[in-house]
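Could you walk me through this model stop by stop, telling me what to select next and what I will find there? I am new to this, so please explain the terms as they come up.

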Amino acid sequence: MADKKHKLLEVKGLTMDFGGLRAVDSVSLEIHEGEIAALIGPNGAGKTTFFNCVTGIYNPTKGDVLLHPKGLKTRRLNGLKPNKVTEMGLARTFQNIRLFQEMTVLENVMIGRHCRTKSGIFRSIIRDKSVREEERQIVETSYRLLEKVGLEDFANEFSKNLPYGAQRRLEIARAMATDPFLLLLDEPAAGMNPQETDELVHLIRKISSEDKIAILLIEHDMKLVMNISDPIYVMEYGKKIAEGTPQQIKDNPKVIEAYLGDDDDA
Amino acid sequence: MEYFLELFFGGLTRGSIYALIALGYTMVYGIIQLINFAHGEIYMIGAFVALIVAGICTIYGLSGVSILILAGIVAVIYACAYGYTLEKVAYRPLRGAPRLSPLISAIGMSIFLQNYVLLAQTPDFLPFPRLIPDFAFMEPVAHIIGSPELVILITTFVTMILLTLLIKKSRVGKAMRATQQDMDMARLVGVNVDRIISLTFIIGSALAAIGGVLVASYIGQVNFYVGFLAGVKAFTAAVLGGIGSIPGAVIGGLVLGWAESFAAGYISSDYEDVFTFGLLILILILRPAGILGKVTKQKV
Amino acid sequence: MTTMMQEFKQSIIVSIWFVFLTFPLVVVRVNTMNNVVEWRWMNMVWIAAGSFVLSYLWRYMLARKLVQKKVEEAGGDTRGKLQILLEDESFRYKAMGVLLIVALIYPQVFDTYQTTIMISALIYVVLGLGLNINVGLAGMLDLGYVAFFGIGAYTFAIINHHFDVSFWLMLPVGGLVGCLFGIILGFPILRLRGDYLAIVTLGFGMIFKVVMENWTALSFGPSGIANIDKPGLFGLDMNLASHTNYIYYIMIAMVVFTIIVTNRLKNSRIGRAWIALREDEIACVAMGIDMARTKLSAYALGAFWAGMVGVLFASKTTFINPASFTFMESAIILSIVVLGGMGSILGVILGAFILILLPEYMRAFSEYRMLAFGAAMVLMMIFRPQGIISGLRQKYEYKGLKGQSNDG
């Protein structure tokens, strides 16, 4: 079934060394159109480092990150700057929320539109008609995204004043404003209560089905992962130790061992 | 050849002073990632206090090396007190604030202390008594290296050895290194981080004061502004060697001292400061981690 | 009762500590020429009393800050009355209108001397607004900003000296040369972290001054360049008073122009990118913003403004030398931005007026000017990092969209 779908992201043998430490050790994975994939594993398994390598924040030591946008040429992402990666259609959120605190909620989302718009300094000073029109569109798109994540009532609040769960949803809205076809979510449910988590599941499903955006998420909440993702990739000590459907992962002895060995998670 | 040696020793002397001040920058930066802009002012205050003590002593009839030692001790005590207060007033309330805030506070403190000395004392250059006598045994080589230079070299050398021992061997030194590596972790294992930070400022200030007294008695004058330029240059030395690294500060200081000395001696002394800042800019662009610094990745 | 005693004890300790700390510098003064020691015991009393009172104030302010933080965390409102008033747009426009009228009739009411002082305050307003682009909006601490001011001034002075080119032609040229230097210098250094950037820009400022002092063939060295042309008006002959007024009005126009431009930029695509960069560089690039380009644009634009005001400064004083472009000038401009409120246009204007006019009109105070600036920078960072007036963010109304989002 999976092989019929268009392959969007292909990571081959990704390796990242920090000094003598190998944080990610030849990990390969593929994300297809319409998938909600998950990357799980104990703390310190190298999941976030993997994200950082894919999104250009780190330059991987070895391996390939290939992006196959639909109808466009394949692009190799290694060594590209993060902003170029985002321009290619791959957006992300952060594990330790990184919002622009002194900006309003709406402005945070508007930043996401930056790479899809183009008025420069001089035109911003003159503020001609097309600039005003572009600005109007930025506000409109951003506002719709806020509605999608249920934050439209806070549009003009400073983002630092939002409750924790709302900040996570705002990060998702901001990432979506960059018009991605693949969204990388780094622990989107961390610190959320069960009700907020339910809303998040609903939101992720909606993004996947309505906006046709493929999703790769890192998550520790196993209930959430088993509930929405397929396929699931498991990492431990920088290596990929398993992949498969939720059922396959649940039954995989290696995975069970990895998790039983580390009581913090599960 | 003699000219070369003269420049060599001149650079060495200069460089060892830079190294002494640079240590204060590097230690503070290593622990709280702050360029302590007011560090140069501590150096200047050290020199001023020494001048005042020496002045009183001379007027009341004391003389010779005893003045130098007394003035040096009082200067170090006061510099430590200023360094401690500086951290407590201007930096501690800003822990956890955005990165630019403590830096601006430091610049403010630097301006404040300069003008404080200017108003309390004088805007003019004050003559600093020559406290280091000319040793007879130095006579034959005096045109290459004088007695003051010798004293400076020996003092800085001994000070640095003491500092290294303190950091490598003592409990406090261990706690300092732990705090530098990971402040939260150090706190968890029972290190009193606030005290360690205060201590870092105190040690750095003491080193700066020693440098201040030596330079002032070598050059023979001080004013409220001498700390600023010395501070910026010493910071350059710290960056050159790799900020956060103690041997780096020493190497950086010496390299900068020689670079300035030779550039001024062989090219032009008018542009001495341009060489220094040019070097700083080049280093920061080409190798921001410095000579001995490690290239670290920012955690995301 | 016991807390009162405790507070008292604490203040006594602080007082003793500061008496000890300031003793050698404030009480003793040695005159090595005449071999006399001057003991100024009165100063000690002042220090003791002053630090005693200030320590109470210090603790009160710290406690207040803590309370405010708690209120803020609970979602409460901690804005001051002025801030709330200023966030009302109609009030803002009315206030600006009144200010503009006052500004326009000012030279008619006051004499030439007052107008001259006002001109220098306005120069600092524009410099503050220019630096505000770098520091306040984009979060890049520039400690050598005065170098661009100097580049503008020298560009005009040198070209005017050799080729007699007029002020009006050179005004944009000065800005462009400043901008050009901003790009050349900024290009390699803008990747640097915030604190390194501060030091490197400080270095630029120093290099500029040293070069101007020593490259006599170009800059005439420390003696400077004199007889720079004042701005002309269709070749009209003007006396000193009318010339001052003329420059004053040019300056007002420039301030208005600067306000309009920075205000537009602040709420534009570029301005938002600057602020986002200030807030979080990594998140910013991850959202698709080109860091180098965005930083460079802010840096170059800030330099453009400094260069332009530099031309005006040279033309106003008709004489410049390297002494006008020291680090202290950069520090003054920076404290204007910090005091007024980083990112806030109104705040910076207010900051410039306070810092420049106060010492002018309170002569007794002017000696303590730099001391107070330094202290103000520290205190503002600790107690009011947002400045007198914090940056206002544009509010967007989009109520109409609710409910119709399904059809799109």
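Start by selecting domain 1 of chain A and then domain 2 of chain A: their centres, taken over C-alpha atoms, are 26 Å apart. To colour them, use 1–89 + 180–266 for domain 1 and 100–177 for domain 2 of chain A; such bounds come from an automatic or database domain assignment. You are looking at a predicted model, in which local features need pLDDT of at least 70 and side-chain atom pairs count only at pLDDT 80 or more, while totals for chains, interfaces and linings use all residues. Residues are numbered from 1 along each chain as its sequence is written, and chains are lettered from A and ligands numbered from 1 in the order in which they are written.

**Where the two domains meet**

Domain 1 of chain A brings 12 residues to the contact and domain 2 of chain A brings 9; two residues are in contact if their C-beta atoms, placed from the backbone, lie within 7 Å. On the domain 1 side, select helix 2 (82–87), strand 7 (182–186) and helix 7 (194–210) of chain A, the elements that give two or more residues. Helices (H or I, at least four residues) and strands (E, at least two) are DSSP runs, numbered from the N terminus. That side of domain 1 of chain A has 7 nonpolar, 3 polar and 2 charged residues. Here Ala, Val, Leu, Ile, Met, Phe, Trp, Tyr, Cys and Pro count as nonpolar, Asp, Glu, Lys and Arg as charged, and the others, Gly among them, as polar.

**A sheet in chain A**

Next, show the open sheet of 6 strands in chain A, whose order is 6-7-8-3-9-10, with mixed pairing. Why does one side of strand 6 (90–92) and of strand 10 (239–244) of chain A have no neighbour in the sheet? Both stand at the edges with a single partner strand each, so one side is left free of a neighbour. Ignoring direction, neighbouring strands of this sheet are turned by 20 degrees against each other on average.

Zoom in on strand 7 and strand 8 (residues 214–218) of chain A, which pair in the parallel sense over 5 bridges; two strands pair if DSSP finds at least two bridges between them. Label A:Leu184, and you will find its bridge partner, A:Leu216, in strand 8 of chain A. Now add helix 7 of chain A, which packs on the sheet and touches strand 3 (36–40), strand 7 and strand 8 of chain A. The direction of helix 7 makes about 150 degrees with that of strand 8 of chain A; axes are lines fitted to C-alpha atoms, for helices over the stretch in contact, and angles run from 0 to 180 degrees between N-to-C directions.

**Chain A as a whole**

Zoom out to chain A, with its 10 helices and 10 strands. The C-alpha atoms of chain A fill a box of roughly 65 × 40 × 40 Å along the principal axes.

**On to the other chains**

Select chains A and C: 40 residues of chain A touch 31 residues of chain C. The largest share of the chain C side, 7 residues, comes from helix 11 of chain C. That side divides into 16 nonpolar, 6 polar and 9 charged residues.

Finish with chains B and C, where 46 residues of chain B meet 44 residues of chain C. Highlight helix 4 of chain B, which gives the most to the chain B side, with 15 residues. This side of chain B has 36 nonpolar, 7 polar and 3 charged residues.
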